[in-house]
Amino acid sequence: MANLLYCEFLKLKRSKMFLISFFGALVAPIFMLANHIGAHFRRPDVIFNMASFYDDTLMFTLLLIGPIVYVVVVAYLFSREYTENTLKTILTIPIKKTTFIISKFAMLFVWLIFLSLISWVGTSIFSVIFHAVFGLSEIGAAVAFDYLVRFMLGGMFMFFVVTPFAFLAVWTKGFVVPLIAAAVVMTGNMMLMNTNFNAIYPWTIPAHFVLSNEILHPPVYPYPIMIGSIAIVSALGFISSVVLFHSEDVN
């Protein structure tokens with residue numbers, strides 16, 4: 001497994017997708033910086049706090065940017081062996097198909113956590129810049145560390161809810177269907193984020209667990225139901241991907 005992860009890392013390092021996803025993780029922090037600058041000039045008397053800067057970035061990442069950027073990563077990771085015709089070569093070595101695809105999921109987890117860290121670093125840098133120019137209240141290392149944990153949790157939750165897109169990538173052997181599905185999910189996020197149903201819609205549930213304030217409606221369903229919803233989606237995506245990949249013939 002360690003060797004497979006190392007191989008995935010080497011392939012990632014040589015591809016442009018790493019750089020694309022890196023900048024994709026910075027989209028939300030850049031947008032939030034622009035949004036706060038615009039809000040400052042509209043209402044110069046309002047002083048924003050550092051937590052709101054992180055909260056807005058995290059919400060934007062989990063509900064809008066994440067479903068696109070993270071699914072691009074998923075589609076690339078799980079379809080590249082088909083699109084680049086390298087699967088035959090890889091499976092000639094003595095390795096089980098199940099072990100191979102599980103290593104893909106392990107690499108996906110590491111990648112998404114890394115992107116979450118990049119997003120947190122970008123938000124921290126931009127919030128300090130904003131504070132130096134316009135001023136922020138309640139700024140400090142304790143707030144930054146608290147949101148580091150929240151960003152990492154957000155990346156973990158997003159890993160769980162993007163596993164169905166891995167199945168779509170393996171099934172279709174390409175990018176198009178996973179990206180269309182991501183667009184549908186993102187539309188669902190936008191439609192449900194201001195309703196009570198966002199507490200049972202798997203792709204809006206992560207925001208309930210990592211945001212510090214009530215940007216979303218308070219959940220009206222028990223937390224076990226919310227966790228169960230994510231668990232079902234994650235398990236279905238993971239198991240169906242493993243079973244499909246294991247049962248396929250390599251042509």
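Good morning. A residue is called buried when its relative accessible area is under 20%, and exposed when that area is over 50%, with partly exposed in between. By that definition, both Tyr54 and Tyr147 are buried in the structure shown above. Please keep in mind throughout that this is a predicted model.

Let me begin with the overall fold. The chain has 11 helices and zero strands. Buried residues make up 49% of its 251 residues. Among contacts with a separation of 6 or more, 80% join residues that are 24 or more positions apart. The accessible surface of the chain amounts to about 12100 Å², and carbon and sulfur atoms account for 74% of that area.

I turn now to the interior. In soluble globular proteins, nonpolar side chains tend to be buried together. The largest nonpolar core here has 66 residues, and Phe78, Leu108, Trp111, Val162 and Phe165 have the most contacts inside it. Helix H4, which covers residues 50–83, gives the most to this core, contributing 18 residues. What does Trp111 touch, if we do not count residues up to four places away in sequence? Its partners are Leu12, Met17, Phe18, Ser21, Val73, Tyr76 and Leu77. There is also a second, separate core of seven residues, which includes Phe48, Phe53, Phe126 and Phe130.

Several of these names return when we consider aromatic rings. A pair of aromatic rings is described by the distance of the centres and the angle of the planes. The count for this model comes to 20 aromatic pairs. One of them is formed by Phe53 and Phe130; this pair is tilted, at 6.0 Å centre to centre and 55° between the planes. The pair links distant parts of the chain, since Phe53 sits in helix H4 and Phe130 in helix H6, 77 residues apart. Phe53 counts as buried because its relative accessible area is 0%, which is under 20%. Phe130 is likewise buried, with a relative accessible area of 1%.

We can now return to the two tyrosines from my opening. Tyr54 and Tyr147 form a stacked aromatic pair, 5.0 Å centre to centre with 10° between the planes. This pair also links distant parts of the chain: Tyr54 belongs to helix H4 and Tyr147 to helix H7, 93 residues apart. In addition, Phe41, Phe48, Phe53, Phe130 and Phe134 form one aromatic cluster.

Next, consider two residues of helix H6, which spans residues 97–133. Ser127 is found in this helix. Is Ser127 buried or exposed? At 0% relative accessibility, Ser127 is buried. Leaving aside neighbours within four places in sequence, Ser127 is in contact with Met50, Phe53, Tyr54 and Leu136. Ile125 also lies in helix H6. Ile125 counts as partly exposed because its relative accessibility is 46%, a value between 20% and 50%. Together with Leu117, Val121, Ile129 and Val133, Ile125 makes a nonpolar surface patch of about 390 Å².

Finally, a word on charged side chains. How many salt bridges does the structure hold? It holds one salt bridge. Asp146 forms it with Arg150, and the closest N and O atoms are 3.0 Å apart. Both residues lie in helix H7, residues 141–161, and they are four residues apart, about one turn of the helix. Asp146 is partly exposed, because its relative accessible area of 33% falls between 20% and 50%. Thank you for your attention.

How values were computed. Residues numbered from 1 in each chain as written. Predicted model: local features only at pLDDT ≥ 70, side-chain atom pairs only at ≥ 80, totals over all residues. Heavy atoms only, no water. Salt bridge = Lys/Arg side-chain N within 4 Å of Asp/Glu carboxyl O. Buried < 20%, exposed > 50% of the residue type's maximum accessible area, 1.4 Å probe, protein only. Core = buried A, V, L, I, M, F, W, Y, C linked by side-chain atoms within 4.5 Å. Contact = heavy atoms within 4.5 Å. Patch = residues over 30% accessible without salt bridge, like charges linked within 9 Å, V, L, I, M, F, W, Y side chains within 5 Å. Areas by Shrake-Rupley, 256 points an atom, 1.4 Å probe, with all protein chains shown as cover. Phe/Tyr/Trp six-rings, centres within 6.5 Å; stacked < 30°, edge-to-face > 60°.
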